[in-house]
Every structure is written in structure tokens, then in C-alpha cells.
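Dear colleague,

I am handing over the structure below, which you have not worked with before. Please have it open while you read the notes that come after it.

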Amino acid sequence: MRRNGRRVLVLAARQPLLVSELEAAGFDVDSRTRPISTGERVSVDLAVVCRGRLIGRNQAQLLTDRGVPVIEVHTAEPQTPSTAGWIRVSNRMPKPDLVQVVRALADWAENGGRAA
């Protein structure tokens, strides 16, 4: 498996299929099933936050405040608009499509927030 040098944090209670698809796409995945704490250090290029009962709404905000681009996966249609560094999607999005969004955000972040 060829690595692309990009490290992705997947913050979700249960997302083994997403993790395996990201790894197959060459990402180095840090998968966590518990929320990160305010002072906890993370060294990633971007994060995928799958909201649910355990992973609350503050996790995406905590990461974006640290300058980490985030894809936040909601259990329903997102009620707030996406921005360049904080993309909001529904969990009805197929996993291969979500991997494509991860690739695009990783490219955007790698290019300093500019289109490639």
C-alpha cells in the first residue's frame, strides 16, 4: 500500500469501513473512538469527525480552532453552511464519496488553502 504522507484523524464511535477505505487510499489514519480533550495534542493534516451520542458538536470546533481542517459528518442534513476549512456533510454520503472529499481537502490544505 502506497502512503501519500497525509495523516488523518478519524474521530468516531464506529467507522471501520471508512478507516479501511482511507488506509487503502494511502492515508495514515489515527482512529479514535473517544472525544479529544481540550489540552490533548493531535498531529494530523486533517480530521473527519463523525458526530453522534459520544462525539459531540464541540469536537469539530476544537480542531478548527487549532487550525486543523475538518470534515464533520452529521447524523442528519447539516443545518449550517460549510466553509473551506470546515466541511459539513450528511452521514448518508457513501464512504467512497467521503474519501474523495478527504482527498480534496487534503490537497487544499497541502497547497496552503489554494486550489491545485
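The notes below go through the cores, some individual residues and the empty spaces in turn.

Please keep in mind throughout that this is a predicted model, and that the values that follow are computed from it.

**The nonpolar cores**

The largest nonpolar core has 22 residues, and among these V10, L22, V48 and I71 touch the most other members. Two or more residues come to this core from each of β1 (7–11), α1 (16–24), β3 (46–50), β4, β5 (86–90) and α3, with α3 giving the most, namely 6 residues. I71 shows how such a member is surrounded: leaving aside its neighbours within four places in sequence, I71 is in contact with L46, A47, V48, V49, I87, V89, L98, V101, V102 and L105. There is also a second, separate core, made of 14 residues, which includes L62, L63, V68 and V70.

**V49 and E72**

V49 lies in strand β3, and it counts as buried because its relative accessible area is 0%, where the limit for that class is under 20%. Apart from residues up to four places away in sequence, V49 touches L11, I55, Q59, A60, L63, V70, I71, E72 and V73. The C-alpha atom of V49 is separated by 22 Å from that of G112, which is 63 residues away along the chain.

One of the residues that V49 touches is E72, which has its place in strand β4 (residues 70–74). Is this glutamate buried or exposed? With a relative accessibility of 2%, E72 counts as buried. The side chain of E72 makes two polar contacts that you may wish to look up in the model, one with the side chain of R51 at 3.2 Å and one with the side chain of W86 at 2.9 Å. Not counting residues up to four places away in sequence, E72 touches V49, R51, R57, A60, W86, I87, R88 and V89.

**R88**

R88, which is among the residues touched by E72, lies in strand β5. R88 has a relative accessibility of 15% and therefore counts as buried. A polar contact of 3.0 Å joins its side chain to the side chain of T80. When neighbours within four places in sequence are left aside, R88 is in contact with E72, H74, P78, T80, P81, S82 and T83.

**Residues with more open surroundings**Three further residues, S37, P94 and E110, are not in the buried class. S37 is found in the loop between β2 (28–32) and β3, and at 40% relative accessibility S37 counts as partly exposed. Leaving aside neighbours within four places in sequence, S37 is in contact with L62 and R66, and L62 is one of the members of the second core. From C-alpha to C-alpha, S37 and V99 are 26 Å apart in space, while in sequence they are 62 residues apart.

P94 is found in the loop between β5 and α3, and with 43% relative accessibility P94 also counts as partly exposed. P94 and L18 are 76 residues apart in sequence, and their C-alpha atoms are 9.6 Å apart in space.

E110 has its place in helix α3 (residues 95–110), and with a relative accessible area of 53% E110 is exposed. The C-alpha atoms of E110 and R6 are separated by 8.9 Å, although these residues are 104 residues apart along the chain.

**Pocket and cavity**

Rolling a probe the size of a water molecule over the atoms shows where empty space is left. The largest pocket has a volume of about 320 Å³, and of the 14 residues that line this pocket, A13, R14, R51, G52 and R53 are the closest to its centre. R51 thus appears both here and as a polar partner of the E72 side chain. By class, the pocket lining has 6 nonpolar, 4 polar and 4 charged residues.

How many cavities of 30 Å³ or more does a search of the whole structure find? The search finds 1, and the largest cavity has a volume of about 30 Å³. Its lining is made up of Q15, C50, V73, N91, M93, K95 and L98, which by class gives 4 nonpolar, 2 polar and 1 charged residues.

With kind regards

Technical notes. Residues are numbered from 1 along each chain as its sequence is written. This is a predicted model: local features need pLDDT of at least 70, side-chain atom pairs count only at pLDDT 80 or more; totals for chains, interfaces and linings use all residues. Side-chain values use heavy atoms; hydrogens and water are left out. Helices (H or I, at least four residues) and strands (E, at least two) are DSSP runs, numbered from the N terminus. Buried means under 20% relative accessible area, exposed over 50%, partly exposed in between (1.4 Å probe, protein chains only). A polar contact is a pair of N or O atoms within 3.5 Å; within protein, one must be able to donate a hydrogen and the other to accept it, and residues adjacent in sequence count only if both atoms are side-chain atoms. Contact means heavy atoms within 4.5 Å. On a 1 Å grid over the protein atoms alone, a cavity is a set of points where a 1.4 Å probe fits but cannot get out, and a pocket is an open set with protein on both sides within 12 Å along at least five of seven lines; lining residues have an atom within 4 Å of a point. Grid points are joined across faces, edges and corners, and a volume is the space filled by probe spheres set on the points. Ala, Val, Leu, Ile, Met, Phe, Trp, Tyr, Cys and Pro count as nonpolar, Asp, Glu, Lys and Arg as charged, and the others, Gly among them, as polar. A nonpolar core is a set of buried Ala, Val, Leu, Ile, Met, Phe, Trp, Tyr and Cys residues joined through side-chain atoms within 4.5 Å.
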